[in-house]
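Please look over the structure below before reading on. The briefing that follows goes through strands, one helix residue and pockets in turn.

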Amino acid sequence: MTSTAQTARVFSSDNAAGTAPEILEAVAREASGQALPYGADASSAAVRRRLGDVFEREVDVLLVSTGSAANALGLAALTPPWGSVLCHRESHINNDECGAPEFYTAGAKLIPLGGGDAKIDPDELRAAARHKAGDVHSVEPSVVSITQCTETGAVYTLDELRTLGSIAGEAGLRVHMDGARFAGAVASLACTPAELTWRAGVDVLSFGATKNGTMTADAIVVFDRSLTQELAFRAKRAGHLASKMRFHAAQFDAYLTDDLWLRNARHANAMAARLQEGFKAIPEIQLLGAAEANILFCRLPQQIIDGLLAEGYAFYHDRWEPGVARFVTSFATAPQDIDDLLQAVRRHIA
């Protein structure tokens with residue numbers, strides 16, 4: 001089996017995808033000549049301007065190499081060590097970052113909340129935002145972290161975001177958005193990036209890009225610019241101020257050029273929709289929610305799971321409960337990859 005065929009069978013995460021050709025070309029161009037270090041280069045300035053255009057206002061930008069760093073550093077600037085971060089129990093920061101938010105915030109506590117589709121329930125947020133506020137014996141509610149898209153692939157609507165932002169604002173909480181798949185949400189909704197972020201009350205966005213075409217670059221987009229200086233010091237202290245920042249910037253500059261970020265996300269979403277339609281035609285498969293972006297959950301008979309694994313397909317299964325599987329598509333998923341997967345499923349129906 002060739003490496004290309006192996007890649008086409010990986011549906012466990014969009015992190016498995018490679019790098020968009022436009023971004024590789026941009027990095028190659030940046031490799032010749034010299035540029036000022038630590039983000040003082042022309043490409044870094046261009047990224048700030050481009051993101052200002054995307055979000056329809058002046059923003060500050062810190063480029064980092066991982067989404068975990070973007071989330072943890074952003075949260076650290078939004079809450080004191082004695083504060084709490086209100087998040088969904090299924091959120092990435094709560095389950096998949098090895099305590100990085102607690103570490104970078106010097107001990108702030110994550111308070112997990114419930115809600116369907118991994119979306120924070122407004123009533124639970126309203127109660128948690130006031131719980132023991134001002135009580136010196138307890139952590140102080142400080143920030144709400146919203147994951148867009150959610151860990152189940154659901155997308156917060158604009159009204160849902162406005163509701164959570166309003167609750168946070170009334171309680172004096174800051175708002176962080178984990179946008180590891182933010183492009184997928186924008187592509188899925190008839191809303192602007194501005195409407196989905198700062199106009200809904202978001203102070204800091206972790207703008208993910210590695211899942212959607214970049215090689216090693218994510219961004220912290222700062223809407224409340226009073227936080228920028230603290231974030232800059234935190235990023236340097238944490239080892240995330242790259243000396244050759246121009247290579248991060250070149251990736252992001254290409255990512256934003258000609259709406260590559262949206263084109264990639266629309267394609268990934270379309271591939272998940274194609275897979276969903278294929279699964280609908282197979283009675284043995286039970287869909288668990290709709291593919292609103294590029295993630296699809298379903299319940300599969302064990303013989304299908306075993307058969308796909310034997311053929312070299314990679315996907316998460318039995319992580320949540322027996323028989324439940326997750327398939328994730330990406331900008332690099334081809335229609336033929338989806339069709340091949342559907343054919344493989346049919347081969348293993350008893």
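How many bridges join strand β5 to β6, and do the strands run parallel or antiparallel? Four bridges join β5 (residues 174–179) to β6, and the two strands run parallel; strands pair if DSSP finds at least two bridges between them. This is a predicted model, in which local features need pLDDT of at least 70 and side-chain atom pairs count only at pLDDT 80 or more, while totals for chains, interfaces and linings use all residues. Residues are numbered from 1 along each chain as its sequence is written, and side-chain values use heavy atoms, with hydrogens and water left out.

**Strand β6 and its partners**

- Helices (H or I, at least four residues) and strands (E, at least two) are DSSP runs, numbered from the N terminus.
- In the pairing of β5 with β6, M177 stands opposite L205.
- The β-α-β crossover from β5 through helix α9 (residues 182–188) to β6 is right-handed, a term that applies if, with the strands pointing away from the viewer, the path from the first strand over the helix to the second runs clockwise.
- Strand β6 (residues 204–207) is covered on both faces, with V204 and S206 on one side and L205 and F207 on the other all buried, that is, under 20% relative accessible area with a 1.4 Å probe and protein chains only.
- β6 also pairs with strand β7 (residues 218–222), in the antiparallel sense and over four bridges, where F207 has A219 as its bridge partner and V204 has V222.

**Strand β7**

- Five of the five residues of β7 are buried, so this strand is largely enclosed by the rest of the structure.
- D218, I220 and V222 point one way from β7, whereas A219 and V221 point the other way.
- Strand β1 (residues 60–64) pairs with β7 in the antiparallel sense over five bridges, and V61 has V221 as its bridge partner.

**Residue S44**

- S44 lies in helix α3 (residues 42–55), and it counts as buried because its relative accessibility is 5%.
- Leaving aside neighbours within four places in sequence, S44 is in contact with G39, M245 and A249, where contact means heavy atoms within 4.5 Å.

**Pocket linings**

- α4 (67–78) supplies the largest share of the lining of the largest pocket, four residues.
- β5, β6 and β7 are among the elements that each supply at least two residues of that lining.
- In the second largest pocket, the largest share of the lining, four residues, comes from β1, and α3 is one of the elements that each supply at least two residues.

How values were computed. Buried means under 20% relative accessible area, exposed over 50%, partly exposed in between (1.4 Å probe, protein chains only).
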